[in-house]
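Work through these exercises with the sequence and the 3D view side by side. Try each task before reading its solution.

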Amino acid sequence: MLKKNDEFNLKITGYTSEGGGVGKFDGQAVFVENTAIGDEILCHIIKAKNTYAIGKAMKIIKPSKSRIEPECEAFKSCGGCSFAHIKYEEELKAKEQKVIDAFKRIGGISPEFAPIIPSLETTRYRNKAQYPVRRENGILNIGFYAKKSHRVIDGGDCLLQPVEFTEIIEIFRKWINDNNITVYSENTNLGLLRHIYLRKAFATGEIMVCVVINGKTLPFYEILLEELKSISGFKTLVLNVNRKNTNVVLGDECISLYGDGYITDILCGVKVKISPLSFYQVNRNGAERLYNKAAEYAGLTGEEDILDLYCGTGTIGLSMAQKVKSLIGVEIIPEAIDDAKINAELNNIKNARFICGDASLAAEKLKDEGITPQVIILDPPRKGCAEELLKTVARINPQKIVYVSCDPATLARDCARLLDLGYAVNEVTPVDMFPRTSHVESVALLTQSN
């Protein structure tokens with residue numbers, strides 16, 4: 001049995017679902033962050049339990065052939081990038097295996113798996129960033145939370161973000177210090193500036209700057225605005241009011257200080273309006289690849305009625321609207337439905353309607369109305385679909401279900417449930433939307449099995 005402070009040589013043979021390395025010592029699993037399959041390390045145990053232990057790599061005795069030197073100086077302290085220390089090809093293999101393992105262990109099924117679709121870019125691909133702002137021991141930190149904490153690591157130039165974001169953060173840093181802007185404290189719930197929230201539309205180059213404050217007004221914003229106008233693509237400055245004692249980044253109220261409060265991107269040929277509260281995939285080029293695979297699985301001929309549950313701002317459904325007879329989108333967030341309707345108008349799409357409501361209740365209501373879509377698209381949040389929703393989907397009896405998921409574990413669980421409800425899992429395709437991190441998207445095609 002391993003004990004705290006034990007030290008020994010360990011070979012890393014696998015990855016955890018969060019991207020850490022794992023090896024075995026006398027049959028006991030040992031988890032070690034920032035290691036790669038094939039590494040031989042000197043491991044120091046920092047935590048020991050009956051069934052597993054957590055170690056730290058004191059020394060890389062023999063590096064893995066997949067190991068590379070991370071480009072980011074904050075790699076170990078930030079914790080946002082689990083795979084910055086290995087080759088991208090190895091990262092893709094790890095993510096493929098993560099999806100396969102989830103279906104085997106959680107779903108108890110082994111469908112066909114298509115090769116993972118890689119991201120076109122592994123750096124500078126993110127179109128959104130939320131930077132917490134804090135002062136610690138008098139030092140201003142603007143960056144990201146350290147892994148499993150609310151301690152802010154000063155971000156510097158994050159290689160996942162556009163270069164303009166780094167330029168904007170430096171403008172904020174100077175503005176905060178020059179104008180004595182108070183910074184929010186989670187301990188006291190006092191201080192004004194909480195987060196700096198940035199979005200970029202990659203197709204148009206438009207940039208939104210959103211300032212999240214613990215108050216109603218932003219002092220000296222005119223000075224800030226003049227500096228922001230030097231940033232290429234800057235389009236709008238928005239104030240978001242969040243006065244609650246909460247870990248949630250955004251409040252409900254948005255006030256436009258400059259511009260019209262939104263930016264416009266183009267995704268799969270569809271113009272998309274993006275406001276601060278809009279959901280939008282963080283990797284635009286990756287989203288196009290994901291949506292194209294979803295459309296391929298749907299096998300659209302122009303005669304289908306499709307139901308897009310958890311539709312958000314309508315992006316998946318609208319990307320298919322020209323290839324179907326009709327589209328119905330359902331989403332519980334009113335602002336998202338408003339954006340979806342605007343997006344349909346922007347693109348002159350006449351065969352789409354959007355309903356605000358709980359996915360389960362809306363699907364049941366549509367069934368009662370006699371609406372029988374041939375294809376249902378599911379794109380739920382990380383927690384997956386409620387069991388009642390899956391039962392309702394099965395009662396609607398579509399020919400195909402196209403399930404898009406950001407969590408292989410809940411996808412595998414829900415596919416197993418749908419198997420019991422009369423649907424076969426034809427194929428699953430992992431899609432890498434989040435290079436250098438442990439996250440992976442997937443899309444699954446299910447068809448009637450009886």
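**Exercise 1: A residue in the core**

Phe172 touches Ile196, Val209, Val211, Leu224 and Leu228, leaving aside residues up to four places away in sequence. Keep in mind that this is a predicted model.

Task: Find the helix that holds Phe172, and decide whether Phe172 is buried or exposed.

Solution.
- Step 1. Locate the residue. Phe172 lies in helix H3, residues 163–178.
- Step 2. Check its accessibility. The relative accessibility of Phe172 is 0%, so Phe172 counts as buried.
- Step 3. Compare sequence and space. Phe172 and Leu228 are 56 residues apart along the chain, and their C-alpha atoms are separated by 9.0 Å.

**Exercise 2: The nonpolar cores**

Task: Name the residues that touch the most other members of the largest nonpolar core.

Solution.
- Step 1. Take the largest core, which has 83 residues.
- Step 2. Pick out the members with the most contacts to other members. They are Tyr131, Phe172, Ile176, Val209, Leu228 and Phe354.
- Step 3. Look for a core apart from this one. Another has 36 residues, among them Tyr88, Cys385, Ala394 and Leu411.
- Step 4. Go back to Val209. Not counting residues up to four places away in sequence, Val209 touches Ile168, Phe172, Tyr197, Leu198, Leu228, Phe234, Thr236, Leu237 and Val238.
- Step 5. Add the general rule. In soluble globular proteins, nonpolar side chains tend to be buried together.

**Exercise 3: One side of helix H7**

Task: Test the length of H7, then work out where its buried residues sit around the axis.

Solution.
- Step 1. Find the expected span. H7 covers residues 334–346, and at 1.5 Å a residue its 13 residues should span 18 Å.
- Step 2. Compare with the model. The end C-alpha atoms of H7 are 18 Å apart, which agrees.
- Step 3. List the buried residues of H7: Ala336, Ile337, Asp339, Ala340, Asn343 and Ala344.
- Step 4. Read their arc. These residues cover only 160 degrees around the axis, so they lie on the same side of H7.
- Step 5. See what covers them. The cover includes strand S15 (270–274), helix H6 (315–320), strand S17 (326–331) and strand S18 (352–356).
- Step 6. Step past the helix. Just after H7, Asn348 takes a positive phi of about 55 degrees.

**Exercise 4: Helix H5 and its lysine**

Task: State how many residues of H5 are buried, and where Lys293 fits in.

Solution.
- Step 1. Check the length. The 15 residues of H5 should span 21 Å at 1.5 Å a residue, and the end C-alpha atoms are 21 Å apart, which agrees.
- Step 2. Read the burial. Eleven of the 15 residues of H5 are buried, so the helix is mostly covered.
- Step 3. Find the partners. The buried residues of H5 pack against several elements, including H6, strand S14 (263–267) and strand S22 (441–448).
- Step 4. Place Lys293. This residue is in H5, residues 284–298.
- Step 5. Classify Lys293. Its relative accessible area is 13%, so Lys293 is buried.
- Step 6. List its contacts. Beyond residues up to four places away in sequence, Lys293 touches Ile117, Thr429 and Val443.

**Exercise 5: Searching for disulfides**

Task: How many disulfides does a search of the whole structure find?

Solution.
- Step 1. Give the result. The search finds zero.
- Step 2. Recall the cut-off. The two cysteine sulfur atoms of a disulfide lie within 2.5 Å.
- Step 3. Test Cys78. Its nearest cysteine sulfur, that of Cys81, is 6.6 Å away, and Cys78 is in no disulfide.
- Step 4. Note the setting. Cys78 is buried, with a relative accessible area of 17%.
- Step 5. Test Cys356. The nearest cysteine sulfur is that of Cys311, 9.1 Å away, and Cys356 is in no disulfide.
- Step 6. Note its setting too. Cys356 is partly exposed, at 40% relative accessible area.

**Exercise 6: The whole chain**

Task: Judge the chain against the globule rule.

Solution.
- Step 1. Count the elements. The chain has ten helices and 22 strands.
- Step 2. Compare the radii. The radius of gyration is 24 Å, close to the 22 Å that the globule rule gives for 450 residues, so the chain is as compact as a globular protein of that length.
- Step 3. Add the burial. Of the 450 residues, 54% count as buried.

How values were computed: Residues are numbered from 1 along each chain as its sequence is written. This is a predicted model: local features need pLDDT of at least 70, side-chain atom pairs count only at pLDDT 80 or more; totals for chains, interfaces and linings use all residues. Side-chain values use heavy atoms; hydrogens and water are left out. Buried means under 20% relative accessible area, exposed over 50%, partly exposed in between (1.4 Å probe, protein chains only). A nonpolar core is a set of buried Ala, Val, Leu, Ile, Met, Phe, Trp, Tyr and Cys residues joined through side-chain atoms within 4.5 Å. Contact means heavy atoms within 4.5 Å. Helices (H or I, at least four residues) and strands (E, at least two) are DSSP runs, numbered from the N terminus. The expected span of a helix is 1.5 Å times one less than its number of residues. The arc is that of the directions from the helix axis to the C-beta atoms. The radius of gyration is taken over C-alpha atoms; the globule rule is 2.2 Å times the number of residues to the power 0.38.
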